[in-house]
Amino acid sequence: MRSDPAALATRQAQGHQMSGVDVRFLQPLDVPRLDPGWAGQVAGHEAGRWSMLTAWRGGRLVGSGCLRWEGPFNTDMAVRFPQLVELAFLQIDPEFRCAGIGSRLMSFGEAEARSRRETALGLAAGLGNQRARSLYERRGYVATGDVQRDRYTDSEGQQVQEESAYFIKML
C-alpha cells in the first residue's frame, strides 16, 4: 500500500528537526552527497522497493536506515516472515551515537509504516550488539528466537559472517 503522495511530500519537507539534526526520507538533493557505494540503496529507494531514512546535521549524514517494503532482506527471514516490512541497516555515525538519532530514525520509520497501514516491523541486531538489542527492546521490539545468518563483503573487501537475533514490533 502506498502513502498519499501529498502527505509524503509534506513529511519529507518538514522532516523532524531536533538538536540540529534533520531526520527525513532520502531526497534527490541528498544523493550527490553520498558515497558512490550507496548506488544500490539509492536505486531501490527510487524504485519504491524501500524507503531510505536519513539523519543529517548540516551537510553531513549522521545516521541512516531503510524500510524494506518487500519483506526482509535475509532469505531465511523472508521465508519465515514473508509479509513483514523490515527496518534494516540502521546505522549511526560513531560520533553521534547515544544522542537519540537511532530512536528518531526508528520513530520516523514506524510512523511511515503505520501511515501505510502496516501492522508490524521486523529488524535484526547482531548477537554481540547488546546496546542495539537493548534499544530495540525498550522501543517494544520482541525477540522471535530466530537467528539470522548473513555473509557479505565489508567496505574493506573482507568477507564477514554475522549472526543476528530477529525482532518484531507490532504497530
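Cys98 sits in the loop between S5 and H4; helices here are DSSP runs of H or I with at least four residues, strands are runs of E with at least two, and both are numbered from the N terminus. The phi of Cys98 is positive, near 65°, in a residue other than glycine. Cys98 counts as exposed, at 69% relative accessibility. For that term, buried means under 20% relative accessible area, exposed over 50%, and partly exposed in between, with a 1.4 Å probe and protein chains only.

Before going on, the ground rules. This is a predicted model, in which local features need pLDDT of at least 70 and side-chain atom pairs count only at pLDDT 80 or more, while totals for chains, interfaces and linings use all residues. Residues are numbered from 1 along each chain as its sequence is written, and side-chain values use heavy atoms, with hydrogens and water left out.

On one side of that loop is strand S5, and Phe89 belongs to S5. Phe89 also has a positive phi, about 55°, although it is not a glycine. Phe89 is exposed, with a relative accessible area of 52%.

On the other side of the loop is helix H4, residues 101–115. H4 has 15 residues and reaches 21 Å from its first C-alpha to its last, close to the 21 Å expected at 1.5 Å a residue. That expected span is 1.5 Å times one less than the number of residues. Which residues of H4 are buried? They are Ile101, Gly102, Arg104, Leu105, Met106, Phe108, Gly109, Glu110, Glu112 and Ala113. As a reminder, an α-helix has 3.6 residues a turn, so residues three or four places apart point the same way. After H4 comes Arg117, whose phi is positive, near 65°.

Now the core. A nonpolar core here is a set of buried Ala, Val, Leu, Ile, Met, Phe, Trp, Tyr and Cys residues joined through side-chain atoms within 4.5 Å. The largest one has 26 residues, and Ile101, Tyr136 and Tyr141 touch the most other members. Which elements supply at least two residues each? They are strands S2 (21–25), S3 (50–57), S4 (60–68), S5 (85–92), S6 (120–126) and S8 (159–170), together with helices H4 and H5 (130–138). H4 gives the most to this core, with 5 residues.

Take Tyr136 as an example. Leaving aside neighbours within four places in sequence, Tyr136 is in contact, meaning heavy atoms within 4.5 Å, with Leu90, Met106, Leu123, Ala124, Ala125 and Tyr141. Apart from the largest core lies another, of 8 residues, among them Trp38, Val42, Trp50 and Trp56.

Next, the strands. Two strands pair if DSSP finds at least two bridges between them. S3 and S4 run antiparallel and are joined by 8 bridges. They form a hairpin with 2 residues between them, and Gly58 in the turn has a positive phi of about 65°. Within this pair, Met52 has Cys66 in S4 as its bridge partner.

How much of S4 is buried? The strand is mostly covered, with 7 of its 9 residues buried. Cys66 counts as buried, at 1% relative accessibility. S4 also pairs with S5: 5 bridges join them, again antiparallel. Here Leu67 is partnered by Leu87 in S5.

Further along, S6 and S8 are antiparallel and joined by 7 bridges. One of the pairs is Leu121 with Lys169 in S8. S8 is also joined to S7, residues 142–153, by 9 bridges, and those two run antiparallel. In that pairing, Arg149 has Glu163 in S8 as its partner. S7 and S8 form a hairpin with 5 residues between them, and Gly157 in the turn has a positive phi of about 85°.

How many disulfides are there? The count comes to 0, where a disulfide is a pair of cysteine sulfur atoms within 2.5 Å.

To finish, the chain as a whole. The protein chain has 5 helices and 8 strands. From the N terminus the elements run α-β-β-α-β-β-α-β-α-β-α-β-β. Of its 171 residues, 43% count as buried. Among contacts between residues at least 6 apart in sequence, 59% join residues at least 24 apart. The chain exposes about 9500 Å², and carbon and sulfur atoms supply 50% of it; these areas come from the Shrake-Rupley method with a 1.4 Å probe, and for residues only the protein chains shown count as cover.
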